[in-house]
Amino acid sequence: MQSLNSATATATATATATATASALPAALTDIVPSVQRGEEEVEEDDGGGYKMKKGKKGRKRVVRKLGESDEEYKARLEEAARKYKEYLAKRKAIRSVMKEECERQYSIYSAGGGEDPSSKRGSGMLIAHLNYVGGVSQVDEIKRHGHFGFKHRDEAPLKLSKNKAKQPGTIEFHEAVTSGKVSIVQATGHSFGEKSLHLELRLEAEVGPRVTVVLCKGTIFQHIGWVHKQNLMVIGNNSIELYPKERVKLKVDAYCMNLSCGCAHGETMYLTDLYMTNKKVLAHQSRVWDYLDQKYEEVLKPSPEGAEDGEAA
């Protein structure tokens with residue numbers, strides 16, 4: 001038989017599981033209120049029909065309903081544990097549906113065939129994951145890239161600076177890959193920050209001059225499945241020189257896009273058709289976290305008209 005302490009831990013797991021989850025799922029809030037940890041000293045009524053125990057530092061945590069027997073308390077926690085299990089099963093079941101739908105949408109949306117494993121490209125998994133982090137449990141709740149402040153290269157191709165654009169043989173990274181001039185042999189994530197995005201590239205031309213590929217700040221790479229690891233966004237502009245049939249390996253600095261998820265540890269990543277140009281957000285990792293965490297919290301809120309058509313403010 002599961003102990004009361006174990007049942008309580010199970011029922012309240014999502015309250016502390018992630019940095020962005022500040023409350024229990026809706027299935028549990030009426031049964032087990034959110035818990036605030038504290039040493040047990042003084043019992044008092046919280047004004048809502050629950051006993052509270054107050055710790056030395058003034059922090060409170062819910063103990064049980066007023067007048068609730070041991071049997072009733074145990075039954076309530078067991079119900080919470082059951083509903084939490086059902087909640088997790090429902091969340092797990094929606095993952096494949098969300099991934100399939102988002103990949104379908106972005107395959108159609110991207111003129112250059114945005115969902116293409118052969119060229120290590122895709123955007124649907126990123127959008128599915130970000131919506132999932134935001135609490136989406138139905139396909140019709142999915143927000144597109146504009147909600148998260150991203151632009152799509154088919155809407156507005158990433159442009160090089162005037163100086164870079166004038167240099168012969170210089171090409172933007174997305175354009176280089178989608179045109180087939182450059183292949184991504186491999187892309188993997190390794191935590192975040194300095195040298196966290198590992199790339200191996202190849203120039204496909206048999207002969208010809210050197211080509212300089214510019215991987216721009218704000219370019220986004222996604223994980224390719226439900227690994228629940230941090231997606232990565234390039235921190236600064238990177239110029240990469242390639243000669244015909246040459247393979248080049250490099251390690252790129254990248255921001256973490258999911259504070260609540262674990263660090264990448266060598267998993268395969270794909271180049272997305274999405275990018276960010278918000279200079280204020282791209283100035284620091286903490287700003288990226290703050291900005292995107294706010295967007296996750298707003299996923300289930302109605303979008304203002306036109307809010308998903310471009311980069312959010």
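Visitor: Leaving aside its neighbours within four places in sequence, which residues is Val281 in contact with?
Guide: In this predicted model, Val281 is found in the loop between strand E13 (265-275) and H7. Its relative accessibility is 6%, and buried means under 20%, so Val281 counts as buried. Once the neighbours within four places in sequence are set aside, the residues in contact with Val281 are Met276, Arg287, Val288 and Tyr291.

Visitor: What distance separates the C-alpha atoms of Val281 and Gly149?
Guide: Along the chain, Val281 and Gly149 are 132 residues apart. In space, the separation of their C-alpha atoms is 9.9 Å.

Visitor: Is Thr277 buried or partly exposed?
Guide: Thr277 is found in the loop between E13 and H7. Its relative accessible area is 31%, and the class between buried and exposed runs from 20% to 50%, so Thr277 is partly exposed.

Visitor: How far apart in space are Thr277 and Gly218, C-alpha to C-alpha?
Guide: In sequence, 59 residues separate Thr277 and Gly218. From C-alpha to C-alpha, the distance between Thr277 and Gly218 is 6.1 Å.

Visitor: What span does helix H7 reach from its first C-alpha to its last?
Guide: Helix H7 covers residues 285-297 and has 13 residues. At 1.5 Å a residue, a span of 18 Å is expected. The span of H7 in the model is close to that value, at 18 Å.

Visitor: What covers the buried residues of H7?
Guide: The buried residues of H7 are Gln285, Val288, Trp289, Tyr291, Leu292, Asp293, Lys295 and Tyr296. Of these, Val288 and Tyr291 are also in contact with Val281. What covers the buried residues of H7 includes H4, strand E10 (232-234) and strand E12 (247-256).

Visitor: How many of the 10 residues of H4 are buried?
Guide: The buried residues of H4 are Gly124, Met125, Leu126, Ile127, Ala128, His129, Leu130, Asn131 and Tyr132. What covers them includes H3, E9, E13 and H7. H4 is therefore largely enclosed by the rest of the structure, and the number of its 10 residues that are buried is 9.

Visitor: Which residue with a positive phi follows H4?
Guide: Helix H4 covers residues 124-133. The residue in question has a phi near 100°, and it is Gly135.

Visitor: Are H3 and H4 oblique or parallel to each other?
Guide: Helix H3 (residues 70-109) packs against helix H4 with the axes 7 Å apart, at an angle of about 140°. Angles over 145 degrees would count as roughly antiparallel, and those from 65 to 115 as roughly perpendicular. The angle of about 140° belongs to neither class, so H3 and H4 are oblique.

Visitor: In which hand does H3 pass H4, and how many residues of their contact are nonpolar?
Guide: From H3, the residues that meet H4 are Arg91, Lys92, Ile94, Arg95, Met98, Lys99, Cys102, Glu103 and Tyr106. On the side of H4, they meet Gly124, Met125, Ile127, Ala128, Asn131 and Tyr132. The residues of this contact include 5 charged and 2 polar ones, alongside 8 nonpolar ones. The crossing is right-handed, and the number of nonpolar residues is 8.

Visitor: Which residues does Val248 touch, leaving aside its neighbours within four places in sequence?
Guide: Val248 is found in strand E12, and its relative accessible area of 16% is under 20%, so Val248 is buried. Val248 and Arg202 are 46 residues apart in sequence, yet 6.4 Å apart in space from C-alpha to C-alpha. With neighbours within four places in sequence left aside, the residues in contact with Val248 are Leu199, Glu200, Leu201, Ile240, Glu241 and Leu242.

Visitor: What is the phi of Lys195?
Guide: Lys195 is found in strand E7 (residues 193-203). At 47% relative accessibility, Lys195 counts as partly exposed. Although Lys195 is not a glycine, its phi is positive, at about 55°.

Visitor: Where does His228 lie?
Guide: His228 is not a glycine, but it has a positive phi of about 55°. With a relative accessible area of 26%, His228 is partly exposed. His228 lies in the loop between strand E9 (219-223) and E10.

Visitor: What percentage of the residues of the protein chain count as buried?
Guide: The secondary structure of the protein chain comes to 7 helices and 13 strands. Of its 313 residues, the share that count as buried is 42%.

Definitions and conventions. Residues are numbered from 1 along each chain as its sequence is written. This is a predicted model: local features need pLDDT of at least 70, side-chain atom pairs count only at pLDDT 80 or more; totals for chains, interfaces and linings use all residues. Side-chain values use heavy atoms; hydrogens and water are left out. Axes are lines fitted to C-alpha atoms, for helices over the stretch in contact, and angles run from 0 to 180 degrees between N-to-C directions. Helices (H or I, at least four residues) and strands (E, at least two) are DSSP runs, numbered from the N terminus. Angles under 35 degrees count as roughly parallel, over 145 as roughly antiparallel, 65 to 115 as roughly perpendicular and the rest as oblique. A crossing is left-handed if the near helix is turned anticlockwise from the far one by less than a right angle, and right-handed if clockwise. Contact means heavy atoms within 4.5 Å. Ala, Val, Leu, Ile, Met, Phe, Trp, Tyr, Cys and Pro count as nonpolar, Asp, Glu, Lys and Arg as charged, and the others, Gly among them, as polar. The expected span of a helix is 1.5 Å times one less than its number of residues. Buried means under 20% relative accessible area, exposed over 50%, partly exposed in between (1.4 Å probe, protein chains only).
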